[in-house]
Amino acid sequence: MKRGCIFCLVEAPSKEAALGVHREAHGMVPHEVDPITVGAIFGDIHDVPAPLTITSLDGRPPETDTGFRIIVFTDLEGSTALTSELGDAAAMEFLRTHNAIVREKVKAHSGREIKHTGDGFMVTFNAASPAVECAIAILRAFRFHNEGGAEPALRVRIGLSAGEPVAEGQDLFGAAVQLAARLCAYAEPEQIVVAGVVAELCLGKTFASRAMARAR
């Protein structure tokens with residue numbers, strides 16, 4: 001604000017709860033304000049999109065997303081046929097297994113889930129190495145799952161690109177996103193296809209050549 005003022009606003013279930021929050025935060029006494037007046041001054045605060053962050057699993061502070069991202073798309077092979085063959089209820093059980101495997105690996109490699117597409121995911125990373133490592137880990141996890149005798153076998157294809165997509169709310173758009181989606185559609189089941197820029201960012205990494213073909 002031009003006058004150098006700071007406003008501390010809280011929405012609480014009771015007046016006592018609001019008093020407690022302010023007392024713990026700075027010791028000052030809050031005053032009840034009309035939400036309509038607040039909205040007229042500041043606009044709809046709830047519509048401000050949260051900044052994109054990557055939370056470290058080792059306890060380090062969240063890392064601010066710079067705008068440059070590695071975009072990863074995953075797609076489950078034959079999901080439509082799976083529903084037709086097994087019925088909605090049984091197919092959903094397999095989809096839940098698929099979702100759990102992908103999300104566990106994304107979390108383990110500090111990725112950020114942008115959206116779930118029904119039979120796949122759109123995920124972002126701040127660097128190429130963890131993105132490729134995550135993609136390889138996903139394929140290995142599904143291979144291990146299938147070797148356990150699960151029927152039908154779950155096979156995914158993965159595409160990776162890199163760039164500076166346009167953020168709109170909590171979604172991402174732009175050429176880098178479209179390229180990752182096309183590469184995912186181009187990949188064979190149990191294969192990772194990466195854009196040239198991702199391959200260049202992985203120069204010197206031992207997994208680079210494997211990541212561009214089939215994960216071993």
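Let's start with helix H6, which covers residues 175–186: twelve residues, reaching 16 Å from first C-alpha to last, close to the 16 Å expected at 1.5 Å a residue. Keep in mind that this is a predicted model. From H6 we move to the open sheet of five strands on which H6 packs.

**The two sides of H6**
- Five names make up the buried set of H6: Ala-176, Val-177, Ala-180, Leu-183 and Cys-184.
- Look down the axis of H6 and these buried residues fall within an arc of 130°, so they line one face of the helix.
- In general, an α-helix has 3.6 residues a turn, so residues three or four places apart point the same way.
- Over on the other side of H6, Ala-175, Arg-182, Ala-185 and Tyr-186 are exposed.
- As for what the buried residues of H6 pack against, the partners are strands S3 (69–76), S5 (120–125), S6 (156–163), S8 (171–173) and S9 (191–194).

**The sheet**
- Its strand order is S4-S5-S3-S6-S9, and the pairing is mixed.
- S4 (112–116) and S9 sit at the edges with a single partner strand each, so one side of each has no neighbour in the sheet.
- From one strand to the next, the twist averages 20°.
- S6 and S9 run parallel and are joined by four bridges.
- Ile-158 has Ile-192, in S9, as its bridge partner.

**Helices on the sheet**
- Helix H5 (residues 128–147) packs on the sheet and touches S3, S5, S6 and S9; the direction of H5 makes about 175° with that of S6.
- H6 packs on the sheet too, touching S3, S5, S6 and S9, and its direction makes about 155° with that of S6.

Methods. Residues numbered from 1 in each chain as written. Predicted model: local features only at pLDDT ≥ 70, side-chain atom pairs only at ≥ 80, totals over all residues. Heavy atoms only, no water. Helix = DSSP H or I, 4+ residues; strand = E, 2+ residues; numbered from the N terminus. Expected span 1.5 Å × (residues − 1). Buried < 20%, exposed > 50% of the residue type's maximum accessible area, 1.4 Å probe, protein only. Arc of directions from axis to C-beta. Contact = heavy atoms within 4.5 Å. Pairing = 2+ DSSP bridges. Axes fitted to C-alpha atoms, helices over the stretch in contact; angles between N-to-C directions.
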